[in-house]
Amino acid sequence: MRKKISKTALFSGKSLTSIFVFLIYSFPAFSQNPDSIPANDSLKIQELSSENQPSFTRIFPSDSSLVNLQKTQEIDLMKIMEVELNKAYTKNLEKYQSRKNYLTQNLLIADFRNEINTLKRILANHPDFDLISDELLEIQNLLPKILIGINDNFSTVKSERNLAVSSAILREITQKTEARKEEVDSYAKEMRLSHYRIDSISAQPELFKLPLDTLEAVQYTKDVTEISIQTRPVEDSLLSRKKQVDEIQTSLNELIYQLNSLIDGIEISRSDLNSKIFESEVPSDPQDRYYTQSLKESIEASIIKEKYALRYYVNIYQGRVLFTVVIFFIVWLFINRLKNKPSESLSHDPIDENNLILKSPIQSALVITLGIFQFFFINPPFIFYWTVWLISSIALSLIFKGYLKAFWRFFWVCTVIFFLLAGLANMILLPTIQEHYLMYGIASIGVIFLIYMVFNKKSEDLKEKRIMYFIWLLGILEFISMVLNFMGRFNLAKSFMVSGYMGIVLGILLLWTVRLINQGLNIANKVYATPEKDMFFINFDKIGTRAPGIFYFFLILGWALLIGKNFYAFTQISQNINEFLTEERVIGSYAFSINGVFVFLVILFISVLISRLLSLFSADPDSINSDDQRKRISFGSWLLLVQIFVICLGLFLAFAASGIPLDKITIILGALSVGIGLGLQGLVNNLVSGLILAFENTVKVGDLIEIDGKPGTMKSIGFRSSVVNMFEGSMVVIPNGDLISKQLINWTTGKGRKLSLIVGISYESDLQKAVALVKGIVSEDTRIRNFPVPRVVPVEFSDSSIEIEVVFWLNNYFDYPFVKGDLVSKINELFKLNGIKIPFPQRDLHLISPQGNLEIPKKKDQEGT
């Protein structure tokens with residue numbers, strides 16, 4: 001410190017006067033405290049600063065003693081200055097620290113208030129803990145009912161269906177409980193984190209120092225008091241809420257552990273039971289509850305389980321249920337619109353099999369919607385599927401009314417009735433001897449159906465011959481069920497019995513789902529030959545009249561999977577496949593699963609499929625005949641942007657859903673940049689050009705354009721290229737880069753098609769009259785635009801005529817050859833009627849002979865005389 005001050009003093013000047021001035025003006029504390037300076041030094045300083053001293057030479061003679069005295073006084077003054085500087089620095093430092101501390105306190109108090117408000121909001125917006133407690137209590141009371149026939153000594157005959165339904169209910173309860181646990185854990189984490197932030201602010205040392213300024217200290221005290229008053233009730237609520245959250249979390253954790261233990265135990269029981277499935281399961285003891293238990297008691301216990309299985313499943317997947325309902329209404333509105341659309345191409349016969357979908361729009365919409373969207377539900381309980389098939393079967397029965405012959409209508413109704421009975425028997429979870437005989441009766445009906453069909457040859461009357469395959473399947477499976485039931489294989493016999501009836505009813509439902517879809521598409525293609533607004537400009541010509549072939553494949557696969565779910569072996573196989581697909585694999589530093597890769601590809605496929613389907617919502621440009629129609633489909637030009645957005649979103653979701661780190665995208669982008677630099681410039685150029693066309697809107701789908709002098713209609717704008725329907729009849733695929741780089745004429749966005757015509761009249765004709773006649777003809781033609789104003793002007797004296805130029809604009813580009821032809825015809829007719837001549841080219845030939853003899857040669861190929 002001393003060295004620094006000494007250097008500063010020396011740098012400022014070596015004289016005592018310079019040091020004195022520095023102290024006076026730089027340090028008020030020093031100047032306001034003269035008592036701190038020794039008396040002798042003070043007198044000397046006053047003498048030095050006196051105005052009576054004319055110069056330094058008079059004060060300090062050149063005597064060596066005076067020079068020594070000057071040095072001594074200078075050293076003493078430096079010490080005094082150092083002491084005063086230290087005092088001033090200490091005082092200013094205290095002020096600085098106090099000010100800094102006060103500012104920090106204000107910031108901390110503001111943060112504290114914000115966190116208090118945040119904590120208040122968290123405490124107010126808490127989960128419904130009373131509802132969660134009631135749910136936990138309900139589950140605890142429900143568990144004994146679910147475990148009936150599992151852990152008790154109900155009977156020596158264990159029902160695989162009872163184990164499966166109980167396991168399904170426990171899984172659904174576990175899934176719902178885990179969702180509740182996640183909700184409570186998230187809330188607890190947020191609450192505790194807010195409390196931690198409040199505690200961290202409260203522990204800052206700046207909050208425990210009073211400002212030096214009295215007013216600031218008073219204000220700070222008021223702020224602290226106010227915060228303390230606000231914090232006290234929040235702290236009490238926080239303690240109560242933490243206790244409540246801790247209790248709920250403990251109960252949830254205990255319940256989830258209990259449920260998982262029960263599920264594991266049931267799965268072990270299922271595995272043991274199915275390992276002995278080929279052994280007789282019927283007990284030999286006549287006192288066993290298998291013989292003594294009434295069917296009514298078994299049904300009552302089963303109803304409880306099935307009811308909760310359906311309730312919990314619908315509650316978990318209520319979003320998908322609502323979505324299916326919405327799709328049903330959309331399909332119903334579509335069919336109803338087809339029905340109400342007048343068309344000469346449709347038959348009015350209500351029994352016409354090609355228009356059967358129009359007979360019952362609601363029933364047809366139910367069959368189509370449930371037939372497709374039943375596959376969008378993940379592992380539902382049997383009662384859910386049974387309810388869906390019940391609704392679909394009733395709807396299809398109403399469609400068949402008046403269509404099928406009496407025998408086949410009777411056959412279908414009986415099949416549905418026995419299918420429903422088989423389903424009800426399958427939902428009886430506690431085995432009894434009465435159920436044993438019921439299964440015999442239901443299975444025997446299926447065998448009788450097959451025998452009757454074979455010997456009476458009723459299949460010849462079938463309109464859908466493939467139904468016979470399902471009838472054969474029904475008879476064979478029911479016969480196997482009867483044999484297994486006779487041998488005491490109770491569970492396996494039930495699986496075959498249900499599979500037989502389920503196979504035929506589900507098969508017929510899926511066949512008619514496809515048939516109704518094809519009927520709807522066929523009718524839509526006839527009714528909406530051109531895209532219309534009431535159907536959102538869907539181009540049914542692109543969709544076609546039949547469902548795509550892959551649709552049939554997925555329906556057959558879905559049918560097989562639904563039948564296979566009745567067998568435990570199928571469940572085990574699917575579980576092993578699922579474990580294989582979900583097993584984590586590591587390549588280098590990257591971990592992945594086959595299921596993740598499959599999800600990645602599926603999402604990409606769906607995004608590309610949706611992108612392709614979006615093109616169906618654009619009208620065909622060939623159907624545009626007016627500006628009004630063009631405005632209705634102008635959104636078709638934006639489909640490229642929507643398609644790119646869908647694909648980009650699908651790509652992002654594919655990476656996220658498959659678990660692939662998003663930072664890996666940088667590697668892909670790097671590879672793409674290399675590819676672009678090496679050979680993908682053209683592809684990228686076309687893609688960017690397509691985006692430019694979509695954003696700038698210079699050309700739209702349906703516009704009349706001209707490229708290289710050839711006219712055509714813009715049909716579509718794609719990722720890489722665009723399609724133009726040329727007037728010559730060909731369809732040309734043009735890269736988007738060429739549309740940007742080449743000169744493109746857009747007739748649609750201009751004033752219209754300009755047309756000019758030159759009319760020549762003879763010099764003897766009335767020019768003004770001719771111009772008036774032509775103007776009248778042009779003004780009467782409605783195909784000619786009034787603006788810009790048509791122009792009829794004499795322009796030139798030619799060799800044999802006065803030329804009149806006729807210039808006008810057409811409303812429709814396609815009218816120009818017809819308008820031009822009509823004008824020529826009308827002008828020629830009116831000119832003849834009014835005596836206006838249109839001359840043909842003439843030449844006067846003068847021949848001069850050098851000898852004076854005139855010889856007229858023969859005329860050859862003369863144009864005129």
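# Working through a helix-rich chain with two open sheets

In this chain, 76% of the contacts with a separation of 6 or more are between residues 24 or more positions apart. The model is predicted, so keep that in mind as you go through the exercises.

## Exercise 1: Get the overview

Work out what the chain is built from and how much of the chain is buried.

Start with the elements: the chain has 29 helices and 10 strands. Next, burial: of the 865 residues, 40% are buried. Finish with the surface, where the accessible area is about 49,600 Å² and carbon and sulfur atoms hold 61% of it.

## Exercise 2: Lay out the three-stranded sheet

Find the strand order of the sheet that holds S8, S9 and S10, and say which strands sit at its edges.

Step one is the order. The sheet is open and reads S8-S10-S9, with antiparallel pairing.

Step two is the edges. Strand S8 (753–761) and strand S9 (791–797) each have a single partner strand, so each has one side without a neighbour in the sheet. On average, neighbouring strands here are turned by 25° against each other, direction ignored.

Step three is the register. S8 and strand S10 (residues 802–810) run antiparallel and are joined by 9 bridges. To line the two up by eye, put Leu 755 opposite Phe 808 of S10.

Step four is what packs on the sheet. Helix H28 (residues 767–780) touches S8, S9 and S10, and its direction makes about 15° with that of S10. Helix H29 (residues 816–833) lies across S8 and S10, at about 25° to S8.

## Exercise 3: Find the two faces of H29

Check the length of H29, then decide which residues are buried and which are exposed on the face turned away from them.

Length comes before faces. With 18 residues at 1.5 Å a residue, H29 should span 26 Å, and its end C-alpha atoms are indeed 26 Å apart.

Now pick out the buried residues: Val 819, Leu 823, Ile 827 and Phe 831. These residues cover an arc of only 85° around the axis, so they sit on the same side of H29. The general rule helps here: an α-helix has 3.6 residues a turn, so residues three or four places apart point the same way.

What does the buried side pack against? The buried residues of H29 meet S8, H28 and S10.

Then turn the helix over. The face away from the buried side carries the exposed residues Phe 818, Glu 829, Lys 832 and Leu 833. Just past the end of H29, look for Gly 835, which has a positive phi of about 70°.

## Exercise 4: Trace the five-stranded sheet

Give the strand order of the sheet that contains S3 to S7, then follow the pairings of S3.

First, the order: this open sheet reads S6-S5-S4-S3-S7, and the pairing is antiparallel. The edges go to strand S6 (731–735) and strand S7 (744–746), each with a single partner strand, so one side of each lacks a neighbour in the sheet. Neighbouring strands are turned by 40° against each other on average, direction ignored.

At the S6 end, strand S5 (residues 721–726) and S6 share 5 antiparallel bridges. One handy marker is Ser 722, whose bridge partner in S6 is Ile 734.

Now for S3. S3 and strand S4 (residues 710–717) pair antiparallel over 4 bridges, with Ile 705 bridged to Gly 712 of S4. The hairpin of S3 and S4 has 2 residues between the strands, and Asp 708 takes a positive phi near 55° there. S3 also pairs antiparallel with S7, over 3 bridges, and Ile 707 has Leu 744 as its bridge partner in S7.

Last, the side chains of S3 (residues 704–707): Leu 704 and Glu 706 point one way, Ile 705 and Ile 707 the other way, and all are buried.

## Exercise 5: Judge burial in two helices

Decide whether Gln 363 is buried or exposed, and then how many residues of H18 are buried.

Gln 363 is found in helix H13 (residues 361–373). Its relative accessibility is 19%, and the cut-off for buried is under 20%, so Gln 363 counts as buried. Leaving aside neighbours within four places in sequence, Gln 363 is in contact with Ala 395, Leu 398 and Ile 399.

Helix H18 (residues 490–527) has 38 residues and reaches 55 Å from its first C-alpha to its last, close to the 56 Å expected. Of those 38 residues, 36 are buried, so H18 is largely enclosed by the rest of the structure.

How values were computed. Residues are numbered from 1 along each chain as its sequence is written. This is a predicted model: local features need pLDDT of at least 70, side-chain atom pairs count only at pLDDT 80 or more; totals for chains, interfaces and linings use all residues. Side-chain values use heavy atoms; hydrogens and water are left out. Two strands pair if DSSP finds at least two bridges between them. Axes are lines fitted to C-alpha atoms, for helices over the stretch in contact, and angles run from 0 to 180 degrees between N-to-C directions. Contact means heavy atoms within 4.5 Å. Buried means under 20% relative accessible area, exposed over 50%, partly exposed in between (1.4 Å probe, protein chains only). Accessible areas come from the Shrake-Rupley method with a 1.4 Å probe; for residues, only the protein chains shown count as cover. The expected span of a helix is 1.5 Å times one less than its number of residues. The arc is that of the directions from the helix axis to the C-beta atoms.
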